[in-house]
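This report describes a protein model for a reader at the bench. Please consult the sequence and the structure shown below while reading.

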Amino acid sequence: MAPKTDHHMSLRAERQLRQVRAFYAAGVLFWAATAAWTGWAHPASRQMWVSVLLTAAFTSLLLTASLWLRRIQASTANRPAHHAAPHAVAPRHANA
């Protein structure tokens, strides 16, 4: 049986990966818009290529974070739910 802290750490890691994934998604959108704008204003300039490179970097980070999040969700889904053990009703004896 896994320790209780393992479950809490996986929940914490899942929450952090969701936040990081949102940050990377915002980075992809920002750098893609910057690359498009710079490509339109100054085609084939150094600024355009840097924006394209940063878009690719944020896209790869986003994909990596998404894969890790999917793995964490799959590992917690396969884990049996933690329920309290059923209580056996034992006959009680009166103390005299």
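## Contacts of Phe58

Leaving aside residues up to four places away in sequence, Phe58 touches Phe23, Tyr24, Gly27, Val28 and Trp31. The model in which these contacts appear is predicted.

Two C-alpha distances describe the surroundings of this site. Leu29 and Phe58 are 29 residues apart in sequence, and their C-alpha atoms are 9.2 Å apart in space. Leu29 belongs to helix H1 and is exposed, with a relative accessibility of 63%. For Ala57 and Gly27, 30 residues apart along the chain, the C-alpha separation is 9.4 Å. Ala57 is located in helix H2 and is partly exposed, at 30% relative accessibility.

## Nonpolar core

Phe58 is also a member of the largest nonpolar core, a set of seven residues that further comprises Leu17, Tyr24, Val28, Ala65, Leu69 and Ile72. H1 and H2 are the elements that contribute two or more residues to this core. H2 supplies the largest share, with four residues.

In soluble globular proteins, nonpolar side chains tend to be buried together.

## Aromatic pairs

How many aromatic pairs does the structure hold? There are five aromatic pairs. One of them is formed by Tyr24 and Phe58, with ring centres 6.0 Å apart and an angle of 75 degrees between the planes, an edge-to-face arrangement. This pair links distant parts of the chain, as Tyr24 lies in helix H1 and Phe58 in helix H2, 34 residues apart. Both Tyr24 and Phe58 are buried.

The pair of Phe30 and Trp31 is edge-to-face because the planes stand at 75 degrees, with the ring centres 4.9 Å apart; an angle over 60 degrees places a pair in that class. Phe30 is partly exposed, with a relative accessible area of 48%, and Trp31 is likewise partly exposed, at 22%. In addition, Phe23, Tyr24 and Phe58 form one aromatic cluster.

## Salt bridge

The structure holds one salt bridge. It joins the side chains of Arg18 and Glu14, with an N to O distance of 3.1 Å. Both residues lie in helix H1, which covers residues 4-41, and they are four residues apart, about one turn of the helix.

Are the two partners buried or exposed? Arg18 is partly exposed, with a relative accessible area of 38%. Glu14 has a relative accessible area of 14% and therefore counts as buried, given that the cut-off for burial is under 20%.

## Loop residue Ala44

Ala44 lies in the loop between H1 and helix H2, the latter spanning 46-78. Although Ala44 is not a glycine, its phi is positive, at about 60 degrees. Most residues other than glycine have a negative phi. Ala44 is exposed, with a relative accessible area of 57%.

## Overall architecture

The protein has two helices and zero strands. Of its 96 residues, 17% are buried. The accessible surface comes to about 8,100 Å², and carbon and sulfur atoms account for 66% of that area.

Among contacts between residues at least 6 apart in sequence, 69% join residues at least 24 apart. The pair of Tyr24 and Phe58 provides an example of a link between distant parts of the chain, with one ring in helix H1 and the other in helix H2.

Note on methods
Residues are numbered from 1 along each chain as its sequence is written. This is a predicted model: local features need pLDDT of at least 70, side-chain atom pairs count only at pLDDT 80 or more; totals for chains, interfaces and linings use all residues. Side-chain values use heavy atoms; hydrogens and water are left out. Buried means under 20% relative accessible area, exposed over 50%, partly exposed in between (1.4 Å probe, protein chains only). Contact means heavy atoms within 4.5 Å. Accessible areas come from the Shrake-Rupley method with a 1.4 Å probe; for residues, only the protein chains shown count as cover. A salt bridge is a side-chain nitrogen of Lys or Arg within 4 Å of a carboxyl oxygen of Asp or Glu. A nonpolar core is a set of buried Ala, Val, Leu, Ile, Met, Phe, Trp, Tyr and Cys residues joined through side-chain atoms within 4.5 Å. Rings of Phe, Tyr and Trp (its six-membered ring) pair if their centres lie within 6.5 Å; planes under 30 degrees apart count as stacked, over 60 as edge-to-face and the rest as tilted.
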